[in-house]
Amino acid sequence: MDKAIPCEIRGSKWTCLFTSDNRILGPSNLGRCIYDSQVIAIRKRLTGTDAIGTTIHEWLHGFFPDAREEVILQAESELLSLLDSLGMLADEWASDEI
Ligand SMILES: [Zn+2]
């Protein structure tokens with residue numbers, strides 16, 4: 001079952017949707033930022049760092065709609081590194097599917 005969690009980007013209400021629906025995600029995407037409906041879709045089977053990184057990635061797309069993919073990937077990677085260095089990716093909750 002999909003799980004929809006409200007979130008905020010630049011003061012607007014968005015939805016963070018954890019789903020397996022390929023009609024929403026596309027057949028091979030781990031996540032997708034859908035500007036028209038203000039939805040960040042995350043593939044539901046992702047866990048741990050993959051889920052966190054994909055959520056950060058799609059949220060960044062929502063926050064910086066004009067940013068190039070390379071910039072989003074670099075920001076995702078560097079933020080994940082920081083969180084990892086701080087031990088924030090080691091918590092047990094991060095290993096469960098949402
Ligand atoms: Zn991207």
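**Entry 1: what counts as a pair**
I count two strands as paired if DSSP finds at least two bridges between them. A reminder to myself: this is a predicted model.

**Entry 2: the middle of the sheet**
I started with Cys16 and asked which residue in S4 is its bridge partner. I found that Cys16 is bridged to Ile40 of S4. Then I looked at the two strands as a whole: S2 and S4 (residues 39–43) run parallel and are joined by five bridges. Five passes my cut-off of at least two bridges, so S2 and S4 count as a pair.

**Entry 3: S1 and S2**
Next I went to S1, which covers residues 3–9, and S2, which covers residues 12–19. These two run antiparallel, with seven bridges joining them. One bridge links Ile9 to Ser12 in S2. The two strands make a hairpin, and I see two residues between them. Arg10 sits in that turn, and its phi is positive, about 50°.

**Entry 4: S3 and S4**
S3 is residues 31–34, and I find four bridges from S3 to S4, in the antiparallel sense. Gly31 has Ile42 as its bridge partner in S4. How many residues lie between the strands in this hairpin? I get four, and Gln38 has a positive phi near 50°.

**Entry 5: the whole sheet**
Now I can put the strands in order. The sheet is open, has four strands and reads S1-S2-S4-S3, with mixed pairing. Which strands are at the edges? They are S1 and S3, since each of them pairs on one side only. On average, neighbouring strands here are turned by 20° against each other, direction ignored. A note from class: strands of a sheet pair through backbone hydrogen bonds, either parallel or antiparallel.

**Entry 6: two helices**
Over to the helices. Two packed helices are described by the angle and the distance between their axes, so I looked up both values. The axes of H2 (residues 48–63) and H3 (residues 69–85) come within 9 Å and cross at roughly 135°. Why is H2 called oblique to H3? Their crossing angle is what makes them oblique. Anything over 145 degrees would have counted as roughly antiparallel. I also noted that the crossing of H2 and H3 is right-handed.

**Entry 7: who touches whom**
I listed the residues where the helices meet. From H2 there are Thr49, Ile52, Gly53, Ile56, His57, Leu60 and His61, and from H3 there are Ile72, Ala75, Glu76, Leu79 and Leu80. Sorted by class, this contact holds seven nonpolar, four polar and one charged residues.

Key
Residues are numbered from 1 along each chain as its sequence is written. This is a predicted model: local features need pLDDT of at least 70, side-chain atom pairs count only at pLDDT 80 or more; totals for chains, interfaces and linings use all residues. Axes are lines fitted to C-alpha atoms, for helices over the stretch in contact, and angles run from 0 to 180 degrees between N-to-C directions. Angles under 35 degrees count as roughly parallel, over 145 as roughly antiparallel, 65 to 115 as roughly perpendicular and the rest as oblique. A crossing is left-handed if the near helix is turned anticlockwise from the far one by less than a right angle, and right-handed if clockwise. Two residues are in contact if their C-beta atoms, placed from the backbone, lie within 7 Å. Ala, Val, Leu, Ile, Met, Phe, Trp, Tyr, Cys and Pro count as nonpolar, Asp, Glu, Lys and Arg as charged, and the others, Gly among them, as polar.
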